[in-house]
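Subject: Structure for your review

Dear colleague,

Please find below the structure I am handing over to you. My findings follow it.

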Amino acid sequence: FTIMEYKPKNAVNKKPYMLVGKGVVYDTGGLSLKPTANSMDSMKCDMAGAAVVGCTMYAIAKAGLPVHVIGLTPATDNRPGMNAYVPGDILTMHNGMTVEMLNADAEGRLILADALSYGKKYNPELAIDLATLTGAAAAAIGKYGIVSMGTAGEKVHSALKESGARVNERLVEFPMWEEYGDLLKTEIADMKNIGGPYAGAITAGKFLEKFTSYPWIH
């Protein structure tokens, strides 16, 4: 993946802010193949999170903002083939945790998780990941807002909500109750990569939470 860093001499933050963007440059769903007719043709846009991070880093640098920011953009494509992972595979992640892969179309959280784990070395003041991670978010609130959740605390989340409302990028905060993590349990690995038919957006967030040790918003 790509690492970007902007660190001016007049940076006001002692610890960096970290942005992590999902960069699946084309997503067929892998062996958990998407229906071609209505959901695969736009999957060149599955790298939107990475694009946002790249554009944000450019804008921050061009504006000369006095902040230390790190951008991480894990990138891949997700296609079936001889080397494709298959449902039932056990993956070992960057931090050593094992994941039972049950749905090849829940791939974005896997690359984001490794990037979030890698990002621990920077000890960020705040990390924000951006991703077209799950259709469950759109199913919950439609196209009229953005689902968010995380561990950063109410003060940070409130500031983001206020900022987003000014430009009609409205945030709807979802809960991250401990019980949601139970939906990711499996008997043969540390966890599985998909939680089931309910609370899909939240279980995606709970998956990512396992790879953070710092204030974070998804």
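**F207 and the nonpolar cores**

Setting aside residues up to four places away in sequence, F207 touches V99, R109, L110, A113, L184, M191, K192 and N193. Please bear in mind that this is a predicted model.

F207 is also among the residues with the most contacts inside the largest nonpolar core, together with M18, L110, L208 and F211. That core has 35 residues. Strands β2 and β4 (69-73) and helices α3 (108-118) and α6 (200-209) are the elements that give two or more residues to this core. Apart from it lies another core, of 11 residues, which includes V53, V67, L126 and A152. As general background, nonpolar side chains tend to be buried together in soluble globular proteins.

**K192 and the three-stranded sheet**

One of the contacts of F207 is K192, which is placed in strand β11 (residues 191-192). What is the nearest side chain of opposite charge to K192, and how far away is it? It is E100, at 6.5 Å. K192 is buried yet has no salt bridge; the cut-off for such a bridge is 4 Å between a side-chain nitrogen of Lys or Arg and a carboxyl oxygen of Asp or Glu, so the pair K192 and E100 does not qualify. K192 nevertheless touches E100, and its other contacts are V99, L102, L183, L184, K185, T186 and F207, again not counting residues up to four places away in sequence.

E100 and K192 are also related through the backbone pairing, as E100 stands opposite K192 in β11. Strand β7 (residues 98-100) runs parallel to β11, and 2 bridges join them. Both belong to an open sheet of 3 strands in the order β6-β7-β11, with mixed pairing. Its edge strands are β6 (90-92) and β11, each of which pairs on one side only.

**The five-stranded sheet**

A second open sheet has 5 strands in the order β1-β4-β2-β8-β12, and its pairing is mixed. Here the edge strands, each pairing on one side only, are β1 (2-6) and β12.

Proceeding along the order, β4 and β2 pair in the parallel sense over 4 bridges. M18, already named for its contacts inside the largest core, has I70 in β4 as its bridge partner. Strand β2 (residues 17-21) then pairs with β8 in the parallel sense over 5 bridges, and V20 stands opposite D129 in β8.

Strand β8 (residues 126-130) is mostly covered, with 4 of its 5 residues buried. Its pairing with strand β12 (residues 216-217) is parallel too, over 2 bridges; A127 has W216 as its bridge partner in β12.

**Strands β3 and β5, and helix α5**

Strand β3 (residues 23-27) is likewise mostly covered: 4 of its 5 residues are buried. It runs parallel to strand β5 (residues 75-78), and 3 bridges join the two. Within this pair, G23 has A75 in β5 as its bridge partner.

Finally, helix α5 (residues 154-166) agrees with its expected length, because its 13 residues, at 1.5 Å a residue, should span 18 Å and its end C-alpha atoms are 18 Å apart. Just after α5, N168 takes a positive phi of about 60°.

With kind regards

Notes: Residues are numbered from 1 along each chain as its sequence is written. This is a predicted model: local features need pLDDT of at least 70, side-chain atom pairs count only at pLDDT 80 or more; totals for chains, interfaces and linings use all residues. Side-chain values use heavy atoms; hydrogens and water are left out. Buried means under 20% relative accessible area, exposed over 50%, partly exposed in between (1.4 Å probe, protein chains only). Two strands pair if DSSP finds at least two bridges between them. Lys and Arg count as positive and Asp and Glu as negative; His and the chain ends are not counted. Contact means heavy atoms within 4.5 Å. A nonpolar core is a set of buried Ala, Val, Leu, Ile, Met, Phe, Trp, Tyr and Cys residues joined through side-chain atoms within 4.5 Å. The expected span of a helix is 1.5 Å times one less than its number of residues.
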